[in-house]
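Me: Could you take a close look at one helix in this model for me, and then follow its contacts outward? I'd like the side-chain details, and a word on the salt bridges and pockets elsewhere.

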Amino acid sequence: MMINAQQKKASAITEKSMKDNPFLKKSPLQYQAPEFDKIKDEHFKPAFESGLKEQLANIDKIVNDKASPTFENTVLALENSGEILGRATILFYNLTSSNTNDNLQKLEEEYAPIFASHSDKIYLNDKLYKKLKVVETDKLDPESKRLTEFYITNFELAGANLSVDKKEKLKEINQQLATLATQFSSKLLEARKKGGVLISDVKELDGLSADEIAAAATDAEQAGQKGKYLLALQNTTQQPLLQNLKNRATREKLFKASWTRAEKGDENDTRETVEKLAKLRLQKAQLFGKKNFAEWSLQDQMAKTPEAAMGLLAQLAKPAVETANREAKEIQDLIDSQNGGFKVEPWDWNFYSEQVRKAKYDLDENEIKPYFEVTTVLEKGVFYAAEQFYGITFKERKDLPVYHPDVVAYEVFDRDGKSLALYYLDFYTRSNKSGGAWMNNFVPQSHLLGQKPVIVNVFNYQKPAPGKPSLISYDDVETMFHEFGHTLHGLFANQKYASISGANTPRDFVEFPSQINEHFALEPEILKNYALHYQTKQPMPQALIDKIKKASNFNQGYATTELVAAATLDMNWHTVTSDSQLIPVLDFEKQALSRYGLLVPQVPPRYHTPYFAHIWGGGYSAGYYAYLWSETLDSDAWEWIKANGGIKRENGDRFRKYILSVGNSVDLNKAFEEFTGHKADIKPLLRSRGFIK
């Protein structure tokens, strides 16, 4: 057969990709930090193919071993399988979220069904499951026993107990789900990118700061619209700029652009994809003999059942909506006093609630922002709090390669001065970055593998115009503390096995460490250290600190209602029991919110169904309630900390010992009780949100 020049070139590229492929061996950098200066798009596909083959060979070796199944030749061998694939995919999915491109997006869509099929080849392998089931665990150490139980549970959740026919059907469904979830994410990224509001006349931006206007001009220029202003969309329903835009028509344009971004009937409309995902998830649950997807999904979570999750949401919904209605009346009274002549709409809420806050507490967000410069908040706030509570310290590392010029890296040192981990941050929004904020591992901690954690936090703060300071809102400050709470969970991981290390816990526990870390942002000794004016370097005046603290429960009706509404939508989508209940997306959402008293016109859900990435493209399907479940734990634990001396090393060491260092190696309900001395109680959460005294 003749080989043409194009085929020869492709073959040469493949050979070179394999020869120089950084994924085929452990990185020589400290703690196996990624060699971002060597990793290229073309390295991923050969690494995936090599990794898939390697792991299946690993599995075949376990299955065909003639010796009696033991922890070492079965569980441990399974844990250690797929080294190349793990190394390549963990970096790939970090990049497709934070710095994607057309090549990576095509590859992601191509491999979504392949990876789903590969997972099924492992978790639906009857011989492997039977071997796991007979492994003797009585003499194992607690963590090894836990790992064995973890794998057996995962095999059963994946369908190991199903009949042959049902397994085949499940494989089809899993591949379709993987493809659809990837398509959803790609559509949403494009919808967000194309959904921004283009403004021609700068007068329409009245109320924005000079820096915000300059940033909008830069964004427009990068989008090929020099001389105009682009208001780019962020992940959530409400957009940060709505707080300051004085022009009501501009506010309405921006809000509606956010709300309708993925329902325009174009190639980026996600509604059909959402309906297909919901139907397939129901089919999957029914294969397992479950009434609905949530019943199947919550089996290994702390809540256990959809009824328990909805029970928590119901306890919050009524006081949240009542409080939101009182807040709406205050806003309407203000509009009427100004002879506004209109009823408050969602695009008005943040603009006028900021004025209400200023009137009630004499607090203006624009007065606060100059004290929150992004690097100062990080180093003198987030890092300082961690040093005070846990004794850890940080040193910037400019020698480590990064995947984008905006990324910065630090080395983390433990309380004894020994090096603990590497930590990367990616602060600014980009058109090729998914919305939101998150933490991921580049390298997971494992004593077995001799691995220390290498962690990244990704944000979507507005990048300032060149030469301007990066000033963020107090909400952004809280987000930074929140995501660093996830990082602490990863930094203090202390497990033998990566699969149950660090933040690899149930969804409704994983937000607990991140949410409790938010509290440090307002602690006086921490706030005074980082709230420094970016020009004068003077600390925030005590009078302004007092105002922030007094206003800390302001707008909690709105904030809680939008969160409970989103969690309720998620649970409703995943508790349908027949296809006939899956009516068109917008109708379904309206009915679900009405049913639970959450259809409050001025308070839309934090995420509208067509762009609810957590549940359609991420890992929170039937799990968005987890933020509120975890907040119940966080509020209770914080009350314990405050009642027992507050920010002192003894409390930090205790929290590290019982919560942050145990990963998923112990019973997490018991771990919470060991820390606080009692079962979790919802009253501290209701108190923290100002719903009860």
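Reply: Here is a walk around helix α6, followed by a tour of some other spots.

One thing up front: this is a predicted model, so read every distance below as computed from the prediction.

**Helix α6 and its two sides**

Helix α6 takes in residues 126-133, and its buried residues are L128, Y129, K131 and L132. Those four cover an arc of only 160° around the axis, so they sit on the same side of α6. The general reason for that kind of spacing is familiar: an α-helix has 3.6 residues a turn, so residues three or four places apart point the same way. Turn α6 over and you find K127 and K130 on the other side, both exposed. So what lies over the buried residues? The cover includes α2 (41-64), α3 (71-79), α5 (102-123) and α7 (142-158).

The start of α6 is worth zooming in on. There, a side-chain oxygen of N125 comes to within 3.1 Å of the backbone nitrogen of K127.

At residue 133, α6 is linked to one of those covering helices. The side chains of K133 and E156 form a salt bridge, 3.5 Å from N to O. K133 belongs to helix α6 and E156 to helix α7, and the pair links distant parts of the chain, 23 residues apart. Both partners are partly exposed: K133 has a relative accessible area of 46%, and E156 has one of 28%.

**A look at α2**

Since α2 is among the helices covering α6, have a look at D41, which is placed in helix α2. With 28% relative accessibility, D41 counts as partly exposed. Leaving out residues up to four places away in sequence, D41 touches N101, N103 and L104. Two of these contacts are polar ones between side chains: D41 to N101 at 3.0 Å, and D41 to N103 at 3.5 Å. D41 and N103 are 62 residues apart in sequence, yet their C-alpha atoms are 7.1 Å apart in space.

**Salt bridges farther along the chain**

The K133 and E156 pair has plenty of company, as a search of the whole structure finds 41 salt bridges. Two others make good stops.

The first stop is the salt bridge between the side chains of E523 and K642, at 2.9 Å from N to O. E523 lies in the loop between α18 (507-518) and α19 (524-530), while K642 is in helix α24 (residues 626-643), so this pair ties together parts that are 119 residues apart in sequence. E523 counts as buried, at 10% relative accessibility, whereas K642 counts as partly exposed at 41%.

The second stop joins the side chains of E562 and R606, with a salt bridge of 3.1 Å from N to O. Here E562 is in helix α21 (residues 556-573) and R606 is in the loop between α22 (585-595) and α23 (613-616), so the pair ties together parts that are 44 residues apart in sequence. E562 counts as buried at 10% relative accessibility, and R606 as partly exposed at 29%.

Besides these pairs there is a network: D406, D426, R430, K433 and K463 are joined into one by salt bridges that share partners.

**The second largest pocket**

R430 turns up again at a pocket. The second largest pocket has 26 lining residues, and D219, Q222, T429, R430 and S431 lie nearest its centre. Its volume is about 620 Å³. Helices α8 (164-194) and α9 (210-222) each supply at least two residues of that lining. The largest share, 4 residues, comes from α9.

**One last loop**

To finish, find D414 in the loop between β4 (408-413) and β5 (419-428). D414 counts as buried, at 13% relative accessibility. Not counting residues up to four places away in sequence, D414 touches G391, I392, L420 and R656.

If you go back to the model with just one view in mind, try α6 end on: L128, Y129, K131 and L132 are the buried residues, and K127 and K130 are the exposed residues on the other side.

Technical notes
Residues numbered from 1 in each chain as written. Predicted model: local features only at pLDDT ≥ 70, side-chain atom pairs only at ≥ 80, totals over all residues. Heavy atoms only, no water. Buried < 20%, exposed > 50% of the residue type's maximum accessible area, 1.4 Å probe, protein only. Arc of directions from axis to C-beta. Contact = heavy atoms within 4.5 Å. Polar contact = N/O pair within 3.5 Å; in protein donor to acceptor, adjacent residues only side chain to side chain. Salt bridge = Lys/Arg side-chain N within 4 Å of Asp/Glu carboxyl O. 1 Å grid on protein atoms, 1.4 Å probe; cavity = no way out; pocket = protein on both sides within 12 Å on 5 of 7 lines; lining within 4 Å. Points joined across faces, edges and corners; volume = space filled by probe spheres on them.
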